[in-house]
Structures are given as structure tokens and as C-alpha cells.
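Subject: A structure for you to explore

Hi there,

Here is the structure I promised to pass on. Have a look around it first, and then read my notes below.

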Amino acid sequence: MYGIDEKKIGSTYFNDELVYDGNDLGAVYTKEKTTFRIWTPAAGKVSLNLYEQGDGDNLIETIPMTADVKGTWVCEKTGDLNGVYYTYSVQIGNKVNEVVDLYARSAGVNGNRGEILDLQATDPDGFDADVRPAFNNATDAVIYEVHIRDLSSDASSGIRNAGKFLGLTERGTKNREGLATGLDHILDLGVTHVQILPSFDYATVDETKPDTAQFNWGYDPKNYNVPEGSYSTDPYHGEVRVNEMKQMIKTLHENGIRVNMDVVYNHTYHLADSWFQKTVPDYYYRKNGNHYSDGSGCGNETASERAMMRKYIVDSVVYWATEYHIDGFRFDLMGVHDLDTMKAVRKALDQVGPDIMVYGEGWTGGESALPAAQLATKNNIYRLDRVGAFSDDIRDGIKGSVFDFLDKGFVSGKDDMEENIKFSVVAATPHSQVTLTKAGDKCTNWSGQPGQSINYISCHDNLTFWDKLAISNADDSEADRVKMNKLGSAVLFTSQGVPFMQAGEEMLRSKPNEKSETGFDENSYSSPDATNSIKWDNKGNVMDVYEYYKGLIAFRKAHSALRMTTAAAIQNNLTFMTGLDANVVAYTIQGEVQGETAQNIAVIYNGNPDAVTVNLPAGTWDICVNGKKAGCRSLGTAEGSVTVEGISALVLVQGDDTVSKVPAEDA
């Protein structure tokens, strides 16, 4: 019936006549029978292979499949197949490919066979009653990016399930000094969302060698709807990885933290050997003539504009959101995807929960075959609703370009960065007091809503904030670099938009690499634990920095005026001060916006090494943040004018009865 000429793959006919819109692709399980459906219009013959185990020579039987509607093939097997493994044999021309079902829900070791699962049986106790923690607006989020292995692989974590999903379920873990680590640390810090680096099944860690030191960030997709086996306690039994990932999410939810997932639909690890390519050759990938386009910079890019690839992405995120209760999605190289696909993702997730976050990297990793106007890049984000993009503007404005180790930013001594910081403060939305031509060559009002600007200083990519300062400001004292770190964090958490931070940034996280020319690792995707792990025993050495981040987060959460939801609200309520010294940025926010408890808020950033004096609006102001401490209690008062120490921030409130007047020690 099928066996369509491969030259027609991706043609108008393919996209118009062979689009299957059903919700039963994959293995649909019941205790009485399991129904299988695969979309492969190019195939002349398809068979189902059933196996006892996820690897090895244990074939149970092979069942011919029947050609059905819209390029699909189907078959049915009676009986309870829970825990049985399976593949498809797809004959295309004279070649037969054994493939894992693209819609497989779990897999055997190393993801080479799918697993048929009674998904309900994988739920931890009480998972059916699991609810997402309360969350209203994107700007209410404080996102903490963590790699499952990094969190617990260092011996100082005190976490038993090192490198596993279950490591994030453990309470009461401590370092050698008795300071909280892992989940307790995250809870104490006060973030609202944990963003986990790719945790679907990826190709670059051998799950059969759990005792061999292996590391990868996970941006090498193999099975998109299957949890990564190396993060489970038993990669050989696929139901274990499903259950343990659900345990992690349930525990985080119970503790008031939402879970965002890093997803990588823009490319696959391999092209020729990918399940996509072996199922429908050349359909799922973009090409320039006879050459594969490489907008990902990883050797291939997926064709999200094609109906069945778009459907796959939408089906996948909806599956993670419903089956695992995932609360948000960070799209790797989102700029490779087309705008219509991101609109479809947003629309589908709204049916699950409009409070599910969607954001990603608003750039590509190379030149894409798709026209720039169709791509979900940063400069097209304003054309989307409630889909955000990372702000490289605030990142580089604060600390200098990530592509130039020696380049400095506002906090590290670079002059003429005031307009860039102002641009970042208003979350890349239009503001009459921001001069775009002075903010930076690439600064445009790309954000239509403040919730679309994901503000960050560092993430897993590039140097950590602390390592960047160590290189760009090598001649400065460590004490001054700590000031720079604190000032950067103050800018981050008092800017409009969505603050995002790399795990460990609050403890001056470093990624040492003796083999590197700089002594630090700026691309640690496969570096050992010695480089990537969070060194929890360092926490006691940097408690002042940790408490500063914690205080800034608490202050932000206490003041809704820092979390405005519309560009109009920012324009109407946020006013930049004028007549300031060079390298100083200051602004006020009128109270009575979004339920703000303060009558007025004033924020001042001083990027100079020396102190400056700034005139304040009339009245008495409580200081809640200075260069040393941050939080929701008064550190003293100011009236008329205020002195701001070198390389520091000052945040003041007026008429706020919620501010504690109990003097803070060493204010």
C-alpha cells in the first residue's frame, strides 16, 4: 500500500495527504491487549518484534503489521504485555531497519528497545493527587538550573543516590560542616522552579557501566519520551527510570518547587542512525539541496515546519506535562524551530495548564535552511504569546561577552554600559528613557511582555560567573570580585522579567580545568565530575554570598513591583533617575502596582570602584539591600541623599509596613 518513492518524502503530497492526526501512535496498553501504530509511509513492509528483555538474544515473536490510514501501520497483541520490550522492523526499499518506536514511553538499557508499560503502575504512591505548586505569572518565577549528576556527584553532597533522580528527593543532607546541601539547600535558597538539564534518554553515556566515570550534559537525544537510564538506579528495567523520575517531581512539588525540563528537539545525536531517519528517511530533517542543514551546529537540524515533526514535538511536551507533571519547558536552540511550531506548543500546553512555562534559546547554532523570518529567534519573540527567550543582553551587559574572556561588563569595570543595564532592567521592552542606540549593537525591543525576557548571568554554557570574573579581572582582589558578583546578582533580581541562575552561582561556583589555557572549563559538556560537580564543602567559605542571593530572592518575591507583567505597567511605573555619575544606574517604581506593599521602591547600581552620592526622592527610605546584605528587613534609613559604596547596589523602600524594623547585625 505504501513504499512511497523516497523522492516524494517531504513533498506537498506528504504534508497534505499523509498527515496522521490521531492520538494513538506508539504502544497503547491495556491489561487485555496492546495496540501498536507507527507512521512510516515510505515503508513497504513493517513488523513488530517483542522481546523479554531490553537487550540480549531473547526474541519472543515477530508479528507482521498491516498498512492502515495516512501512512500508518498497525497491529494488536492480546494479553498483558506490561514490561515486554519491543522494536519495529521497517523495510524501505531493499533495506530493513530495526527501530525503536519514536513514541516509546520507556526503554531498555541504552535505549535500544522500547518498553510496553502500564504507566499507572509506575506512579509513586499519591502521584495521582500530585498538584503543581501555585504559580500565576512568568515573572513570579526564580529558575534554578541544575544537572542531575552535578548536584550530588561530589562526596561533599552527603547524598546517597549520587547522580540519580532520587538524589533530588533526599532531605536532611549536609556537607562536612553540617550545612544543608541538595534539596534542602534549594528550598532554603527560595527559588520557585528547578530546571533540569536534559533528562530524556540521551546517547552519550553507556548505561551498562554505572561504575565507570562518565559525564555528559545530555544534549544528544536518542529517545525523546523516555527518561535517561543513567539517572535511575536500574537502567535495565525501564519501569524503574519512569518511577524514579516521577518520585523526583512529586517530591519537588510537595516542597513547593516546580520542575522545568530542558528539551532538545532541534537535532538528534546521530542522523543516519537516528530512529527518525531509519523510520522515515529524510522526512524529519531539513536539507539544502542534497546537503543536510546544520542550524544546530551539531550536524543536523530537525524540520519542525513539517506536519509530523511538529506533531511529534507537540505530542512530546504534552506527554511530559501530563504523565510526569512537568511544569515548564526550556527549548534548546529554540531559534532552529519555526514560529508556528512554538505557537502550537503554547496552544497545546494551555489545554494542560496555561501556567506551564515555555522559553528557550532565541538563537541557532549555525545557519538554518528555513528563512530567518520563520524562525523562533529572539528578535521574533514579540510575535509569540507567553514564549520567552534568554537575554544575552543582560548576560553580557553585566559581565562582558561570553565569547571574549577578557571583555568586561558593568559590574567588572567597563564604562558606558548604563543604557545596556537600563535596557535589561525593563526586560527588553520599549521605554522612553532607554536609548537603544547606546544600549548595544544588537539591542532591540525584542520582548513584547516582560515575562518573555529570561534574565541570566551564567548557565551551564560558557564560563561560570565567578570564573569569568577571575579571568577578566585577574588583577583585582578576590574581595572586589565578590563585590562584582553581588552587584551582578542584585541587577539580575531587581530587573523586570524572569530571573534565571545556574546552580552553585550563589556559592561562587567554579569549573576548574588544569588542561585549559585559562585554568577553567568554558565548555564542560563531557568533562569529569571533578570539573562539573557542585563542591558543597565550599559553602561555608562563601556564606555571605549565599545569604546575599537568598536575601535578594526573598526581596523580589516580597515585592510584586519587581515582577510587572506588561510593558505598559513598566512604562507607567518605572522611572530612571537622571543627573547621575557615570557608571551609575538608578530607578524608582511607584507603588500601588500589582499589589505592591511599598509606596515606592528605589534601586541604585554603582559600577564604579569608588562610592557615589545619589539624591533620593523626598521622604524617609528603608534600606533593604546594600553591598553586604540583602533581604526584607531594614538595614537603616536614608533621607535626602544616600551614599552607595563602590561596586555595589542599594535598594530602598518607602512606606512599606511589611519591612522588619529589627536591626540586622552588621548592617
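Let's start with two helices, α11 and α12. Their crossing is right-handed. Please keep in mind that this is a predicted model.

Two packed helices are described by the angle between their axes and the distance between the axes. For α11 (residues 465-472) and α12 (residues 478-494), the angle is about 135° and the axes lie 10 Å apart. Angles over 145 degrees would count as roughly antiparallel, and this pair is oblique. On the α11 side, the contact is made by Phe465, Trp466, Leu469 and Ala470. The α12 side brings Glu478, Arg481, Val482, Met484, Asn485 and Gly488. Sorted by class, the residues of this contact are six nonpolar, two polar and two charged.

Helix α12 also packs against α14 (residues 543-558), at an angle of about 15° and with the axes 10 Å apart. Angles under 35 degrees count as roughly parallel, so α12 is roughly parallel to α14. Here, too, the crossing is right-handed. From α12, the residues in contact include Val482, Asn485, Ser489 and Phe493, while α14 offers Tyr548, Tyr549 and Leu552, among others. The classes in this contact are nine nonpolar, three polar and three charged. If you want a landmark, try Val482 and Asn485: they take part in the contact with α11 and also in the one with α14.

Next, find helix α9 (residues 418-425). How many of its residues are buried? Eight of eight, so the helix is mostly covered. The buried residues include the charged-class names Glu418, Glu419 and Lys422, alongside Ile421, Phe423 and Val425. What covers them includes helices α8, α10 and α12, together with strands β23, β24 and β25. After α9 comes Ala427, which has a positive phi, near 60°.

Finally, there is a sheet to trace. Strands of a sheet pair through backbone hydrogen bonds, either parallel or antiparallel. This one is an open sheet of four strands in the order β1-β2-β6-β5, with antiparallel pairing. Which strands stand at the edges? They are β1 (26-29) and β5 (66-67); each has a single partner strand, so one side of each is left without a neighbour in the sheet. The partner of β5 is β6 (residues 72-78), and the two pair over two bridges. To see where they line up, look for Thr66, which stands opposite Val74 in β6.

Enjoy exploring, and send me any questions!

Best wishes

Technical notes
Residues numbered from 1 in each chain as written. Predicted model: local features only at pLDDT ≥ 70, side-chain atom pairs only at ≥ 80, totals over all residues. Heavy atoms only, no water. Axes fitted to C-alpha atoms, helices over the stretch in contact; angles between N-to-C directions. Parallel < 35°, antiparallel > 145°, perpendicular 65-115°, else oblique. Left-handed = near helix turned anticlockwise from the far one by under 90°. Contact = heavy atoms within 4.5 Å. Buried < 20%, exposed > 50% of the residue type's maximum accessible area, 1.4 Å probe, protein only. Pairing = 2+ DSSP bridges.
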